[in-house]
Amino acid sequence: MMAIEGYVLLSAGLFCIGLFGILTRRNALMFLMAVELMVNAAVINLVAFALYHGTLTGQVFGLFVLGLAAAEVAIGLGIILVLYRNFGTIDVSVPTTMRW
Amino acid sequence: MIEPVQLPDAAALGPALVLGLTALVVFVFDSARPHEPDRGLLAGTTAAGSLLALGVGVWYMIAGVGVPEPDGAGVISLFDGQLVVDQLALFFMLVTAIVTALVAIASYDYMDGHAHQGEYYSLVLLAATGMATMAAANSLVTVFLALELASLPSYALVAILKDNRGSVEAGLKYFLLGALSSAIFVYGISLVYGATGVLQLDLVAEAITGETGQHVLTGNAHDVAGHDGLLGVGIVLLLVGIAFKTASVPLHFWAPEAYEGAPAPIAAFLSSASKAAGFVIAIRVFTTAFPVEATAGLVGFDWSVAFAVLAVATMTIGNFAAAVQENVKRMLAYSSVGHAGYALIGLAGVGAGANELVLGAALMHLFVYAFMNTGAFLFVALAEYWGVGRTFADYNGLGRRAPIACVALTVFMFSLAGIPPLGGFLSKYLLFWGSLQAGMLFVAGALVVNSALSLYYYSRLVKAVWFEEPVTDHGSLAQPVGLYAALIAAAVMTVVVLPGFGPIADSALDAATAVLTS
């Protein structure tokens, strides 16, 4: 069995890749995928820690998180669709009808 | 005393259950006649459901549900401690139900002619169910699930005006930041789980305080102190997630965008109920799961100091930004950021002495704020309904054209500013007094300075409606029944809170004491 540190490093790496994607991408779909990476990093953590602690709590919560992530993407795709209909683009930096 | 009716334990979630069931009923009504929605029926059902939830909540409060034995019926713990119904939970379920009812009544006029009435009301109710569940969540699992149940419908609600570019843009920004912050939040949960091995809040506290070198549940060898780094990072990430939900600095910048673009009743809903629900989670998670001293000993920083810094930064940035706005809705959005700062003082005070008083005052402020802020946004909804425009100048002379609504607006503005005879003054005064007693002089000073500054922009709006000359039109304006009813109800409650302040203050203080001693 791999040591717990391996899993934690993997998930921290995924989380940082996701965060990097969010900071650099302007395409809404890429943004969504980057967020998914971050959520899945958390799920890897939960499952790995569940194994480490010998309890099932983390694994069950991991399943819930996956379900919620799917629901979130569904809402997100809906919003991106109306974004495209209104602005003709899915570049998140284009809609600027409101100013700070 | 009469023997109370024996209900099953799950009935303790009554207010949340009623809200959820009403959402399903609205779905059924809508699917019966999908192409010709009866907006009166839908809005009426939503309002009736929320008022029923409110009634059930008040009944439970009077019956002593959530009050520890032997004075009351006891704190009810459900699903193996995943959900807990105590005074804090009931208090915030009431806030949610009241705001939902006001929003539903106002939406009757505001959403007139909109194509997706059924979806609108059921989403409002589902979000309200999520917020009511947030109030009772007692495990990081239920906290996250309830948070998402409240957030997902909110994203859709902000963007529900599908052909309005402002609404879609606001929905997009709210969704992107919301998705990011919930990813950060759940990552924080996973780290706390790694460090402590449990997700239930009281067990997390047990793992942090106990130095047994054993896992709390399984008894396997596990030393929390050896994972203090994980725990520290986890707590910071949880803080980020909560700062987003309560629209606090540094994650406040979505709020003005989302509130400005969203339909005004939804802006009222999000800035009152959703913010209050974010605070109940902050209070529950931080006071129950992370005891200040034990946590500070492990991770090397005191989270109540972090909240004090956030409180001062949030109220200062919110109020200064509000003072320079020309758009009324945006001014209110920044003012709601400022009020989040006042409420954060409650958590900042947990580390210092006299903490029930500060925390109780913060709860009271959230209660009063639910009325005055919802009312203020509903006035904006009314102005949008009239089509008079969005800036301060467009509101000029409205006092002569619609005096009743403008009296209500004046009540909300002066209460938000904290002028003595109104509810907003009392809760702010208690916050000030509490933070002085807790020795947080700097925070108390910032509160006073910010309140004084806020008087400037609130009274500017009052001056515009009463003393400025109308620009073009002098005719009187329409009086839509629903919006007027909701406005007047909110205004009456803002005033009535004053004589009724005793019981509210008592229950807020009890709730604060209970959550701190548990």
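Let's start with salt bridges between chain B and chain A: across their interface in this predicted model, the rule finds 0 of them. Polar contacts are another story, with 10 residue pairs found across the interface of chain B and chain A, both partners at pLDDT 80 or more. Which elements of chain B give two or more residues to the side that touches chain A? They are α5 (140–158), α6 (165–196), α9 (254–261) and α13 (328–348) of chain B. Of these, α6(B) gives the most, with 23 residues. Sorted by class, that side of chain B has 26 nonpolar, 14 polar and 9 charged residues.

How much do the chains share? In terms of residues, 49 from chain B are in contact with 42 from chain A. The size of an interface is often given as the accessible area lost when the parts come together. For chain B and chain A the buried area is about 4000 Å², and carbon and sulfur atoms give 75% of it.

Now for two helix pairs, one in each chain.

| Helix pair | Axes come within | Crossing angle | Contact by class |
|---|---|---|---|
| α2(A) (residues 28–53) and α3(A) (residues 57–87) | 9 Å | roughly 175° | 15 nonpolar, 5 polar and 1 charged residues |
| α16(B) (residues 403–417) and α17(B) (residues 423–437) | 6 Å | roughly 10° | 3 nonpolar, 3 polar and 1 charged residues |

Take the chain A pair: the axes of α2(A) and α3(A) cross at roughly 175°. An angle over 145 degrees counts as roughly antiparallel, so α2(A) is roughly antiparallel to α3(A). Among the residues of α2(A) in this contact are A:Leu32, A:Val39, A:Val43 and A:Leu46. On the α3(A) side you'll find, among others, A:Phe61, A:Val65, A:Leu66 and A:Ile80.

Over in chain B, the axes of α16(B) and α17(B) cross at roughly 10°. Angles under 35 degrees count as roughly parallel, which means α16(B) is roughly parallel to α17(B). Here B:Ser415, B:Leu416 and B:Ala417 in α16(B) meet B:Gly423, B:Gly424, B:Phe425 and B:Lys428 in α17(B).

Finally, a look at the backbone. Most residues other than glycine have a negative phi, and most peptide bonds are trans. Chain B has an exception to each habit. The peptide bond from B:Val249 to B:Pro250 is cis, with omega near 5°, and B:Pro250 sits in the loop between α8 (228–245) and α9 of chain B. Then there's B:Phe79, which isn't a glycine but has a positive phi of about 50°. You can spot B:Phe79 in the loop between β1 (76–78) and β2 (83–85) of chain B.

Note on methods:
Residues are numbered from 1 along each chain as its sequence is written. Chains are lettered from A and ligands numbered from 1 in the order in which they are written. This is a predicted model: local features need pLDDT of at least 70, side-chain atom pairs count only at pLDDT 80 or more; totals for chains, interfaces and linings use all residues. Side-chain values use heavy atoms; hydrogens and water are left out. Contact means heavy atoms within 4.5 Å. Buried area is the accessible area (1.4 Å probe) that two parts lose on being put together, summed over both. A salt bridge is a side-chain nitrogen of Lys or Arg within 4 Å of a carboxyl oxygen of Asp or Glu. A polar contact is a pair of N or O atoms within 3.5 Å; within protein, one must be able to donate a hydrogen and the other to accept it, and residues adjacent in sequence count only if both atoms are side-chain atoms. Helices (H or I, at least four residues) and strands (E, at least two) are DSSP runs, numbered from the N terminus. Ala, Val, Leu, Ile, Met, Phe, Trp, Tyr, Cys and Pro count as nonpolar, Asp, Glu, Lys and Arg as charged, and the others, Gly among them, as polar. Axes are lines fitted to C-alpha atoms, for helices over the stretch in contact, and angles run from 0 to 180 degrees between N-to-C directions. Angles under 35 degrees count as roughly parallel, over 145 as roughly antiparallel, 65 to 115 as roughly perpendicular and the rest as oblique.
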